[in-house]
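Trainee: Before we set anything up for calculation, could we go through this model together, step by step?

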Amino acid sequence: MRYLVLSDIHANLAAFEAVLRDVKHRHVGYDAIWFLGDLVGYGPEPNECVEQMRALAPAVSLAGNHDWAVLGKIDVAAFHDLAADVVNWTREVLTAENRAYLQDRPTQATVDDFLLVHASPREPVWEYVLDPATALANFAVMGTPYALVGHSHLPLLFVTNPAQPKERPRAFLVSPNTSIFLRSGLQYILNPGSVGQPRDQDPRAAYAVLDTEARTWTLYRTEYPVQHTQAKMRALGFAEPLIVRLQLGR
Ligand code: ZN
C-alpha cells in the first residue's frame with residue numbers, strides 16, 4: 001500500500017491544494033490518505049480545509065492540539081497569545097458540520113506496524129519529538145516498529161536499534177525527493193513536516209509518501225502561493241508575526 005501522509009494543514013487552503021496538485025503532477029500515486037491532525041488553527045480558511053479533507057475521505061484523520069483547542073478540549077491559555085486569538089476566531093466561524101467532523105477525530109490509530117499520532121506516542125496530542133532523548137522515551141512505549149507523528153512542523157526522522165537499547169537514537173532532517181529505506185529490525189519515528197506552516201526555514205508545503213511494500217518513506221516539498229494565504233490573513237486582521245512566518249518557513 002502507498003499512503004499519502006499529511007500533517008499540520010492549519011487552515012491554509014492554498015498550501016493544501018498545492019500539495020494535492022503536486023501529488024498528481026508527480027504521478028506518485030497513493031491508495032489512501034493518513035492525516036496526522038491540526039487541520040485548523042493559525043490559518044484563515046478553517047471551513048474550506050475541513051471540507052476539503054472531508055471530501056478526500058482519508059483512511060485515518062486524527063485530532064491535533066489546535067483542533068482540540070477550537071473544540072474547547074484544551075484551554076487556550078496553554079497557547080501562545082497570537083495562536084490563541086486564531087483559535088478563538090476559528091471557534092466563531094466554524095460551521096456546526098465542520099465542528100462535528102473535528103469532534104469525531106481520534107487521537108491515535110494503529111495500522112499494521114504503524115502507530116499514528118499527532119504529537120508523540122506517549123502524549124498523542126501534546127509532546128514535541130525534537131531530540132534523541134524524547135525519541136528514546138517514546139520508542140520504549142510505542143509498541144510498534146514505526147510511529148508517524150506531526151506537531152513539530154519539521155520533517156524529522158528518528159531511528160533506533162531496539163537490540164542496542166543503550167545507544168542514542170539518531171535524528172535526521174529529511175531532504176525532499178529522497179527515499180529513506182525503512183530497515184527491518186529498527187524502530188522509526190517519522191514526521192512528514194507541515195503542509196500549512198513549515199518551520200524548517202523552507203516555506204514550501206511538505207508531505208510524505210509511505211510505501212509499505214517497498215518499505216520507503218519519501219518526503220516532498222512544493223511551492224504554493226504564500227501571498228494568497230497572507231492576504232486573507234491580513235484582511236481578517238490576523239497578527240503580523242503569524243503572517244510573516246509563512247514566507248520565512250519558521
Ligand atoms: Zn501544528
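**The metal site and its surroundings**

Mentor: We should keep in mind that this is a predicted model. In it, the zinc ion is coordinated at 2.0 to 2.6 Å by Asp-8 (OD), His-10 (NE2), Asp-38 (OD) and His-153 (NE2).

Trainee: How is the site of the zinc ion classed, judging by the angles among its four donor atoms?

Mentor: Four donors count as tetrahedral if all angles lie between 85 and 135 degrees, and as square planar if opposite donors are over 155 degrees apart and all others between 65 and 115. The angles among the four donor atoms here run from 88 to 178°, and the site of the zinc ion is irregular.

Trainee: How many residues apart in sequence are the parts that His-10 and His-153 tie together?

Mentor: Along the chain the donors follow the spacing D-x1-H-x27-D-x114-H. His-10 lies in the loop between strand 1 (2-6) and helix 1 (13-26), while His-153 lies in the loop between strand 6 (146-148) and strand 7 (156-160), so the pair ties together parts whose separation in sequence is 143 residues.

Trainee: Is His-153 buried or exposed?

Mentor: Buried means under 20% relative accessible area. His-10, at 1% relative accessibility, counts as buried. His-153 has a relative accessibility of 2%, and therefore it counts as buried.

Trainee: Which backbone nitrogen lies 3.3 Å from a polar atom of the side chain of Ser-194?

Mentor: Ser-194 is placed in the loop between strand 10 (187-190) and strand 11 (205-211), and at 0% relative accessibility Ser-194 counts as buried. Beyond its neighbours within four places in sequence, Ser-194 is in contact with residues including the zinc ligands Asp-8 and His-153. The backbone nitrogen at 3.3 Å from its side-chain polar atom is that of Gly-196.

Trainee: Which residue has its backbone oxygen 3.0 Å from a polar atom of the side chain of Asn-191?

Mentor: Asn-191 is also found in the loop between strand 10 and strand 11, and at 3% relative accessibility Asn-191 counts as buried. Its side chain reaches the backbone oxygen of Leu-154 at 3.4 Å, and its contacts outside four places in sequence include His-153 and Trp-217. The backbone oxygen at 3.0 Å belongs to Gly-150.

Trainee: How far apart in space are Leu-39 and Gly-64, C-alpha to C-alpha?

Mentor: Leu-39 sits in the loop between strand 2 (32-35) and helix 2, and with a relative accessible area of 1% Leu-39 is buried. Leaving aside neighbours within four places in sequence, Leu-39 is in contact with residues among them His-10, Met-53 and Tyr-101. Although Leu-39 and Gly-64 are 25 residues apart in sequence, their C-alpha separation is 7.5 Å.

Trainee: What span does helix 1 reach from its first C-alpha to its last?

Mentor: In helix 1 the buried residues include Phe-16, Val-19 and Val-23, and what covers the buried residues of helix 1 includes helix 2 (46-56) and helix 7 (226-235). Helix 1 has 14 residues, and at 1.5 Å a residue a span of 20 Å is expected, to which the computed value is close: 20 Å.

Trainee: Which strands stand at the edges of the open sheet?

Mentor: Six strands form the sheet in the order 3-2-1-11-12-9, with mixed pairing. Each edge strand has a single partner strand, so one side of each is left without a neighbour in the sheet, and these are strand 3 (60-61) and strand 9 (179-181).

Definitions and conventions:
Residues numbered from 1 in each chain as written. Predicted model: local features only at pLDDT ≥ 70, side-chain atom pairs only at ≥ 80, totals over all residues. Heavy atoms only, no water. Donors = N, O, S within 2.8 Å, 3.2 Å for Na, K, Ca; no water. Tetrahedral: all angles 85-135°; square planar, octahedral: opposite > 155°, others 65-115°. Helix = DSSP H or I, 4+ residues; strand = E, 2+ residues; numbered from the N terminus. Buried < 20%, exposed > 50% of the residue type's maximum accessible area, 1.4 Å probe, protein only. Polar contact = N/O pair within 3.5 Å; in protein donor to acceptor, adjacent residues only side chain to side chain. Contact = heavy atoms within 4.5 Å. Expected span 1.5 Å × (residues − 1). Pairing = 2+ DSSP bridges.
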